[in-house]
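Walk through this structure with me, one feature at a time. We start with ring pairs and end in the loops.

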Amino acid sequence: MKLRQILSAAIISLTMMSATAFSQTKVIAHRGFWKCDGSAQNSIASLRKAAEAKVYGSEFDVQLTSDGVAIVNHDGSINGLVICKTPFSQLKDISLSNGEKISTLEEYLIEGKKHKKLKLILEIKSHPTKEMETQVTKEVVDLVKKHKMKKQVEYISFSPYICQELHRITPKSKIASLASEYDPDMVKNELKVSGVDYQYGLLKKNPNWLSQCRKNKLSVNVWTVNNPKDIEEYIKMGVDFITTDEPLKALELSK
């Protein structure tokens, strides 16, 4: 009898510990941790700095060149060159603000794999046509599989089509929709993904969406939250993730 009581107490204790661990808001560095010396948005340095800061994840953006090379860059153009219309040979020597050359996704994954505790939050940017979105999604997923990083990489996208493609070709991966026009019910039923990634002002305007997400078993991330008061507010709300340009401040507040 005593043994049963001890086992029951242990199970309850472990369950409570698991619930506490799950409920703590995790921090994602927006475009890596770039607000520090020697770093730049979407640079290899920002990835390393995010790992050093011990955040949950480092977010970054992926575009496809005209000759099918996946590169890491936020905007659809750089130095006046439209990425999807430009071969990689014309982009590879462009420097970021910290002096690094623009990275290919493969280079980024190789560096990210060195930091196994850091999740790579990979945003596939919207592209002009469905054919290009099919191509970039396949290229990205193939590279992740090639480097055996399926468990370390999580996907996000504004494009509903890319979210659907990701669910089709890598259904067990964590995938979140950035699309503001999709409420949680639509995300669950139409996109079939595992999470939402809402701009934080949108969630303020629709506070009932958080409970809808819980009902639909969707993870909830808010971006890009930099003001300490806003960070505190969303931690109290119980969102799962906060994406921020101020990861150190967010980490301190989350603890």
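**Aromatic pairs**

Counting ring centres within 6.5 Å, the structure has five aromatic pairs. One of them is formed by F158 and W223. Their geometry is edge-to-face, with 5.9 Å from centre to centre and 90 degrees between the planes. This pair links distant parts of the chain. F158 sits in the loop between β7 (153-157) and α5 (160-169). W223 belongs to strand β10 (residues 219-223), and the two partners are 65 residues apart. F158 is partly exposed, at a relative accessible area of 35%. W223 is partly exposed too. Its relative accessible area is 23%.

Now turn to Y200 and Y234. Their ring centres are 6.2 Å apart and their planes meet at 90 degrees, so this pair is edge-to-face. Y200 lies in helix α7 (residues 200-205), Y234 in helix α9 (residues 228-237). The pair therefore ties together parts that are 34 residues apart in sequence. How exposed or buried is each partner? Y200 is partly exposed, with 23% relative accessibility. Y234 is buried, with a relative accessible area of 0%.

This is a predicted model, and everything here should be read as such.

**Strands**

Next, follow the strand pairing. Strand β1 (residues 26-29) pairs with strand β11 (residues 241-244). The sense is parallel, and four bridges hold the register. Within this pairing, K26 stands opposite F241 in β11. β1 also has strand β2 (residues 57-64) as a partner. These two run parallel and are joined by two bridges. Here I28 stands opposite G57 in β2.

β8 and β9 form another parallel pair, over two bridges. S177 stands opposite V196 in β9. How covered is β9? Mostly: four of its five residues are buried.

**The largest pocket**

Several of these strands return in the lining of the largest pocket. Its volume is about 370 Å³. The lining takes in 23 residues. Y56, E154, K174, S219 and F241 lie nearest the centre of the pocket. F241 is the residue that stands opposite K26 in the β1 and β11 pairing. Which elements give two or more residues to the lining? They are β1, β7, β8 (175-177), β9 (195-199) and β10.

**Cysteines**

How many disulfides does the structure hold? Zero. A disulfide is a covalent bond between the sulfur atoms of two cysteines. Take C84. The closest cysteine sulfur is that of C163, 19 Å away, which is too far for a bond. C84 is buried, at a relative accessible area of 17%. C163 is in no disulfide either. For C163, the nearest cysteine sulfur is that of C213, at 14 Å. C163 is buried, with a relative accessible area of 0%.

**Buried loop residues**

Where does T104 lie? T104 is in the loop between β5 (81-82) and α3 (105-112). T104 has 12% relative accessibility. The cut-off for buried is under 20%, so T104 counts as buried. Leaving aside neighbours within four places in sequence, T104 is in contact with V69, A70, I71, V72 and F88.

D245 lies in another loop, between β11 and α10 (247-254). D245 has a relative accessibility of 12% and counts as buried. Beyond neighbours within four places in sequence, its contacts are H30, W34, K35, T224 and N226. D245 and Q90 are 155 residues apart in sequence. In space, their C-alpha atoms are 30 Å apart.

**Positive phi**

Finally, look at the backbone. Most residues other than glycine have a negative phi. R31 is not a glycine, yet its phi is positive, at about 60 degrees. R31 is found in the loop between β1 and α2 (44-53). R31 is buried, with a relative accessible area of 16%.

N79 also has a positive phi without being a glycine; the value is near 55 degrees. The loop between β4 (77-78) and β5 holds N79. Is N79 buried or exposed? N79 counts as exposed, at 63% relative accessibility.

How values were computed:
Residues are numbered from 1 along each chain as its sequence is written. This is a predicted model: local features need pLDDT of at least 70, side-chain atom pairs count only at pLDDT 80 or more; totals for chains, interfaces and linings use all residues. Side-chain values use heavy atoms; hydrogens and water are left out. Rings of Phe, Tyr and Trp (its six-membered ring) pair if their centres lie within 6.5 Å; planes under 30 degrees apart count as stacked, over 60 as edge-to-face and the rest as tilted. Buried means under 20% relative accessible area, exposed over 50%, partly exposed in between (1.4 Å probe, protein chains only). Contact means heavy atoms within 4.5 Å. Two strands pair if DSSP finds at least two bridges between them. A disulfide is a pair of cysteine sulfur atoms within 2.5 Å. On a 1 Å grid over the protein atoms alone, a cavity is a set of points where a 1.4 Å probe fits but cannot get out, and a pocket is an open set with protein on both sides within 12 Å along at least five of seven lines; lining residues have an atom within 4 Å of a point. Grid points are joined across faces, edges and corners, and a volume is the space filled by probe spheres set on the points.
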